[in-house]
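Please read the following explanation with the sequence and the three-dimensional view side by side. Each paragraph takes up one part of the chain and asks the reader to find it before going on.

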Amino acid sequence: MADQFFTPTEVAKKLIALFRSDNEECIADFAAGEGELLKVASERWPIARIVATDIDAGIVRRLRESQPSWNVGRCDFLNDRSRSASQLLR
């Protein structure tokens, strides 16, 4: 996709450092891209359930392969029908 932008690792680290919580049960990113925010978050909260969705089927496939313990699915989070059809979001 021409308009993809992936979060740089340093930006992800700074964003996650802003959170005050010490124990999160579930962390989700609905435009996960390469999953950098979730990777950094899972280092901070290693027992949290990780949920990643993205509209790009290729990105979803790569995330499933590289992060087998994550819950990954394809979804256009801005589309009601897509969200309703997503088994991950139920």
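Which residues does Asp-29 touch, not counting residues up to four places away in sequence? The model is a predicted one, and in it Asp-29 touches Leu-37, Leu-38, Val-51, Ala-52 and Thr-53. Asp-29 itself is found in strand β1, which covers residues 26-29. This acidic residue is buried yet has no salt bridge. The nearest side chain of opposite charge belongs to Lys-39, and it is 11 Å away. A salt bridge requires a side-chain nitrogen of Lys or Arg within 4 Å of a carboxyl oxygen of Asp or Glu. Asp-29 does have a polar neighbour in the backbone, however: a polar atom of its side chain lies 3.1 Å from the backbone nitrogen of Ala-31.

One of the residues that Asp-29 touches, Thr-53, deserves a closer look. Thr-53 is found in strand β2, made of residues 49-54. Is Thr-53 buried or exposed? Thr-53 counts as buried, because its relative accessibility is 1%, and the cut-off for a buried residue is under 20%. Leaving out residues up to four places away in sequence, Thr-53 touches Asp-29, Phe-30, Ala-31, Ala-32, Gly-73, Cys-75, Leu-88 and Leu-89. A polar atom of the Thr-53 side chain also lies 3.1 Å from the backbone oxygen of Phe-30. As for distance along the chain, Thr-53 and Gly-35 are 18 residues apart, while their C-alpha atoms are separated by 9.4 Å.

The reader may now turn to the helices, beginning with helix α3, which spans residues 57-66. Its buried residues are Gly-58, Ile-59, Val-60 and Leu-63. What covers these buried residues of α3 includes strand β2 and strand β3, the latter formed by residues 71-74. Val-60 illustrates this arrangement: at 4% relative accessibility, Val-60 counts as buried. Apart from neighbours within four places in sequence, Val-60 is in contact with Asp-54, Val-72, Gly-73 and Arg-74. Val-60 and Glu-25, by contrast, are 35 residues apart in sequence and 22 Å apart in space, C-alpha to C-alpha. At the N-terminal end of α3, Asp-56 acts as a cap, with a side-chain oxygen 2.7 Å from the backbone nitrogen of Gly-58.

In helix α2, the buried residues are Glu-36, Leu-38, Val-40 and Ala-41. The elements that cover them include α1, β1 and β2. Glu-36 has a relative accessible area of 17% and is therefore buried. Unlike Asp-29, which is buried with no salt bridge, Glu-36 meets the side chain of Lys-39 in a salt bridge, at 3.8 Å from N to O. Lys-39 is partly exposed, as its relative accessible area is 28%. Both residues lie in α2, which runs over residues 36-44, and they are three residues apart, about one turn of the helix.

How many salt bridges does the structure hold? There are three. Side chains of opposite charge can pair when their charged atoms come close. An α-helix has 3.6 residues a turn, so residues three or four places apart point the same way. In helix α1, residues 9-17, Glu-10 and Lys-13 are three residues apart, about one turn of the helix. These two residues form a salt bridge whose closest N and O atoms are 3.9 Å apart. Lys-13 is partly exposed, with 41% relative accessible area. In helix α4, residues 80-85, Arg-83 and Asp-80 are likewise three residues apart, about one turn of the helix. The closest N and O atoms of the salt bridge between Arg-83 and Asp-80 are 2.3 Å apart. Asp-80 is exposed, with a relative accessible area of 52%, whereas Arg-83 is partly exposed at 28%.

Finally, the surface also has a nonpolar part. Which residues make the nonpolar surface patch? Phe-30, Phe-77, Leu-78 and Leu-89 make this patch, which has an area of about 370 Å². Phe-77 lies in the loop between β3 and α4 and counts as partly exposed, because its relative accessibility is 33%. Two members of the patch, Phe-30 and Leu-89, were met earlier among the residues that Thr-53 touches.

Technical notes:
Residues are numbered from 1 along each chain as its sequence is written. This is a predicted model: local features need pLDDT of at least 70, side-chain atom pairs count only at pLDDT 80 or more; totals for chains, interfaces and linings use all residues. Side-chain values use heavy atoms; hydrogens and water are left out. Helices (H or I, at least four residues) and strands (E, at least two) are DSSP runs, numbered from the N terminus. Buried means under 20% relative accessible area, exposed over 50%, partly exposed in between (1.4 Å probe, protein chains only). Contact means heavy atoms within 4.5 Å. A polar contact is a pair of N or O atoms within 3.5 Å; within protein, one must be able to donate a hydrogen and the other to accept it, and residues adjacent in sequence count only if both atoms are side-chain atoms. Patches are made of residues with over 30% relative accessible area and no salt bridge: like charges are joined within 9 Å, nonpolar side chains (Val, Leu, Ile, Met, Phe, Trp, Tyr) within 5 Å. Accessible areas come from the Shrake-Rupley method with a 1.4 Å probe; for residues, only the protein chains shown count as cover. Lys and Arg count as positive and Asp and Glu as negative; His and the chain ends are not counted.
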